Amino acid sequence: MQFFGGSSLTSVAPEVTPAPAAPPGTGTGASAQVLYVFNRNGVCLLYREWHRPLRTLDPTQDHKLMFGLLFSLRSFTAKIDPTTYVLLLDLLALLV
């Protein structure tokens, strides 16, 4: 069986290199506890953070990126929703 890279299931997997080490100060398992509340227009109504070990962006840029991520996830899940496909088939059956 061939895959995209031309490799086969029967071939030996290449040597896997380990992931690079985390930057100093982040530690292992470091996570941020942050709460965002957005309205439908992407305006951040509420922002709270409790533990955020690494700050890299200014707050407005951070809000834009988080809203973009949530908007993309909502769009993606709407596209792969199986119920919309069934509804379209029912609609086409009614038209025929």
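Reader: How much surface does the protein expose, and what share of it do carbon and sulfur atoms supply?
Author: In this predicted model, the protein exposes about 8700 Å². Carbon and sulfur atoms supply 66% of that area.

Reader: And what percentage of the residues count as buried?
Author: Of the 96 residues of the protein, 5% count as buried.

Reader: Which residues form the nonpolar patch on the surface?
Author: The patch is formed by Leu 35, Val 37, Val 43, Leu 45 and Trp 50. Together these residues have about 490 Å² of accessible area.

Reader: Which strands supply residues of that patch?
Author: Strand 1, residues 33-38, and strand 2, residues 44-51, each supply at least two of its residues.

Reader: Take Leu 35, then. Where is its place, and why is Leu 35 called partly exposed?
Author: Leu 35 lies in strand 1. Its relative accessible area is 35%, and a residue is called partly exposed when its value lies between the 20% limit for buried and the 50% limit for exposed.

Reader: In what sense do the two strands pair?
Author: Strand 1 and strand 2 pair in the antiparallel sense, over six bridges. Within this pairing, Val 34 stands opposite Glu 49 of strand 2.

Reader: What lies between the strands of the hairpin?
Author: Five residues separate strand 1 from strand 2 in the hairpin. Gly 42, in the turn, has a positive phi of about 90°.

Reader: Changing topic: what pattern does the protein follow along the sequence?
Author: The pattern is β-β-α-α, as the protein has two strands and two helices.

Reader: Is Asp 62 in helix 1 buried or exposed?
Author: Asp 62 is found in helix 1, which covers residues 59-79. Asp 62 counts as buried because its relative accessibility is 9%, and the limit for buried is under 20%.

Reader: What does Asp 62 touch?
Author: Leaving aside residues up to four places away in sequence, Asp 62 touches Tyr 36, Tyr 47, Arg 52 and Leu 57.

Reader: How many of the contacts join residues far along the chain, 24 or more positions apart?
Author: Such residues account for 23% of the contacts with a separation of 6 or more.

Reader: Last topic, the confidence. What pLDDT does the protein average, and which element has the lowest mean?
Author: The average pLDDT is 74, and 62% of the residues score at least 70. Among the elements, helix 2, residues 82-95, has the lowest mean pLDDT, 72, while helix 1 has the highest, 89.

Reader: What should not be done where pLDDT is low?
Author: Where pLDDT is low, the predicted coordinates should not be read in detail.

Note on methods: Residues numbered from 1 in each chain as written. Predicted model: local features only at pLDDT ≥ 70, side-chain atom pairs only at ≥ 80, totals over all residues. Heavy atoms only, no water. Patch = residues over 30% accessible without salt bridge, like charges linked within 9 Å, V, L, I, M, F, W, Y side chains within 5 Å. Areas by Shrake-Rupley, 256 points an atom, 1.4 Å probe, with all protein chains shown as cover. Salt bridge = Lys/Arg side-chain N within 4 Å of Asp/Glu carboxyl O. Helix = DSSP H or I, 4+ residues; strand = E, 2+ residues; numbered from the N terminus. Buried < 20%, exposed > 50% of the residue type's maximum accessible area, 1.4 Å probe, protein only. Contact = heavy atoms within 4.5 Å. pLDDT = per-residue confidence, 0-100. Pairing = 2+ DSSP bridges.
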